[in-house]
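Student: Could you take a close look at the aromatic ring pairs in this one for me? I'd like the chain as a whole sketched in too.

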Amino acid sequence: MIMLYCFTGTGNSLATARQLTELLDDDCRIELMPDLLKQHIIEPESNKIGLVFPVYAWSMPKLVKRFVRRLFIADDSYVFAVYTSGGSPGATGMHLNKLLNQKKSGLNAGFNVTMPSNYTPFGLLSEEKCKSVLSEAESKIEKIARLVNSQVNNHIERTRFFWPLASLINPMFMSQLNNQKSKFNVNASCCSCGMCEKVCPNENIRLENGKPSWSGNCDLCLACLHWCPVAAIEYGRASRNGRRYHHPDINVYDLIAPDKRRKKIH
């Protein structure tokens, strides 16, 4: 069996993990990383481990780093990663391998899958372009599955020329994450449904007087913005046009833990 641990904001990585389950020779089980982070030690039920997550600023999201630090990895484990990006993986695989080395383990293989970006400050792709990118992504995932089935080793994909810049860009990005509260806004369309609170992987959002309020533990996954059913949440000027993105094969409830689904709507 292969344990597939996934973090996703708008569904790209979860859709990737689901496609892998259909293509890999071994039976697979998908677990969402945020649902497991309350455990001090996360013990896989298999020595075959896949990590599937998005690229943030040419590296790993901080939530993924927290997860990996708590993950127990046996000596004989085969560990691979599939990182979804808007085009460039930067040094994501190299940084993950370094983090795993600190646990006396390592990354056997790391693969980049280009997906439509959800980062609104850089603009969103047109619907037609999204379809084209998603079609190419499916082909890449098929190739990845063949390589994982063969247990390829020493294969870590990275940005060919500029990956060293990730060591500069990513720390700057991470240093700003605690200051995101003031960059989110809520317009008059807000219906106080509480979906943003439920979908946040860091439990960083609370409704106050029926409106979302952000704390200082943001990964900038933008799940709150893209899954809002009335497009009431804005992040910077680029999101004011109302366009949003999530993977077409993923439903918002695929991301929400069962205990949060039962939580009372404010």
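Tutor: Here's the chain as a whole, followed by the ring pairs.

A word on the source: this is a predicted model, where local features need pLDDT of at least 70 and side-chain atom pairs count only at pLDDT 80 or more, while totals for chains, interfaces and linings use all residues. Residues are numbered from 1 along each chain as its sequence is written, and side-chain values use heavy atoms, with hydrogens and water left out.

The chain has nine helices and ten strands; these are DSSP runs numbered from the N terminus, with helices being H or I of at least four residues and strands being E of at least two. Its radius of gyration is 18 Å, close to the 18 Å from the globule rule for 266 residues, so the chain is as compact as a globular protein of that length. That radius is taken over C-alpha atoms, and the rule is 2.2 Å times the number of residues to the power 0.38. Along the principal axes, the C-alpha trace spans about 55 × 35 × 35 Å. Of the 266 residues, 51% count as buried, meaning under 20% relative accessible area, with exposed over 50% and partly exposed in between (1.4 Å probe, protein chains only). Take the contacts with a separation of 6 or more: 79% of them come from residues 24 or more positions apart, a contact being heavy atoms within 4.5 Å.

Now for the rings. Rings of Phe, Tyr and Trp (its six-membered ring) pair if their centres lie within 6.5 Å; planes under 30 degrees apart are stacked, over 60 edge-to-face, and the rest tilted. That rule gives seven aromatic pairs. One of them is Tyr119 with Phe122: the centres are 4.9 Å apart and the planes at 85 degrees, so it's edge-to-face. Tyr119 is partly exposed at 22% relative accessibility, and Phe122 is exposed at 72%.

Phe184 and Tyr235 make a tilted pair, 5.0 Å centre to centre with 50 degrees between the planes. Phe184 sits in strand β7 (residues 184-186) and Tyr235 in strand β10 (residues 233-235), so this pair ties together parts that are 51 residues apart in sequence. Phe184 is buried, at 6% relative accessibility, and Tyr235 is buried with a relative accessible area of 6%. Trp214 comes in here as well: ring pairs link Phe184, Trp214 and Tyr235 into a cluster.
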